[in-house]
Amino acid sequence: MILDVLIDVYRYESEMPGVLGIGGFLWWLEKERGYTVGLTRGNVSREDLDDWDVFIIISASGNIPFHNKEIREIASWVDEGGILFIGRPVENFEGINRLLRVFDAEFLEEKAKSYAFFCGVPERFLKVDSRFELIRNFLGKHKINENLKAVAEIPGKDPKIAPYFLRVSNDWTVLGAAMMGNRPGVVAAIRNYGNGLVFAVGLLYMFYRWGYWWHHRELEEGDKSNISNVKFLTQIFDFFEEHCRKLADLDE
């Protein structure tokens, strides 16, 4: 199914130096997934959103506020079947949290101590560290995280770059988690909101480096691989397509 995807570039700001940004991710959506991709030029209204299936807000500067009317109209659009996809902001988490709190969630200004988080825990990991069993039991069961492993922000390890945590209500299904001190914390989650969906993930650099992950997707093959970045994002959009097909069937 071809989705119509709107990207919020009005709030977008890259934390990477030079021209590095989300171009590879947009290329993947348009060329590999075959979607229609549009870009915002300002605050969005309900009228703006009605032509789109998915509204993506990633790498937001955090410094352009969501107005109360805009928040109400985004929530109304989701309630009637829209899909809201939110990644963590560059800074000023309160800016994006004003919107997320409508859906009973918020980004925490706390990051994991690892460059990756888990959407699923391979059996071999359970023998290495008891914390992996805590993570496995914490994860929800959902079509998106079936047969997934770890999702990494960047290739290799950088102690300054790591996923950020979310606080979510019980209405959300936890798709990805990492240790937050001595207990698991949410990194990725999804919830139904009316007839629509809200997906949130504490990632930033994965979208900047999406071209690398896509062109090296063979690294995810085989039982010895621990990474499932491409499979993670692929299964997210597969699920979005399924959601939109069901809505279309109801309208017929």
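Which residues does Glu106 touch, not counting residues up to four places away in sequence? In this predicted model, Glu106 is found in strand S5, which spans residues 105–111, and, with that exclusion applied, its contacts are Asn97, Leu100, Arg101, Leu166 and Arg167. One of these partners, Arg101, is also joined to Glu106 through a polar contact of 2.9 Å between the two side chains. Glu106 counts as buried because its relative accessibility is 17%, and the cut-off for that class is under 20%.

From this strand residue the reader may turn to the nonpolar interior. The largest nonpolar core has 93 residues, and those with the most contacts inside it are Phe25, Phe85, Phe237 and Phe240. Helix H9 gives the most to this core, contributing eight residues. For Phe237, the residues touched, again leaving aside those up to four places away in sequence, are Phe25, Trp28, Leu29, Arg33, Tyr35, Ile56 and Phe85; Phe25 and Phe85, which appear in that list, are themselves among the core residues with the most contacts.

Helix H9 also leads to the largest pocket, since this helix, residues 229–251, supplies five residues, the largest share of the pocket lining. The volume of the largest pocket is about 330 Å³, and its lining is made up of 15 residues, with Asp53, Glu80, Gly81, Leu247 and Asp251 lying nearest the centre. Sorted by class, the lining comprises seven nonpolar, three polar and five charged residues. Helix H9 is thus a link between two parts of this description, as it gives the most to the largest nonpolar core and the largest share to the lining of the largest pocket.

How values were computed
Residues numbered from 1 in each chain as written. Predicted model: local features only at pLDDT ≥ 70, side-chain atom pairs only at ≥ 80, totals over all residues. Heavy atoms only, no water. 1 Å grid on protein atoms, 1.4 Å probe; cavity = no way out; pocket = protein on both sides within 12 Å on 5 of 7 lines; lining within 4 Å. Points joined across faces, edges and corners; volume = space filled by probe spheres on them. Helix = DSSP H or I, 4+ residues; strand = E, 2+ residues; numbered from the N terminus. Nonpolar A, V, L, I, M, F, W, Y, C, P; charged D, E, K, R; others polar. Buried < 20%, exposed > 50% of the residue type's maximum accessible area, 1.4 Å probe, protein only. Polar contact = N/O pair within 3.5 Å; in protein donor to acceptor, adjacent residues only side chain to side chain. Contact = heavy atoms within 4.5 Å. Core = buried A, V, L, I, M, F, W, Y, C linked by side-chain atoms within 4.5 Å.
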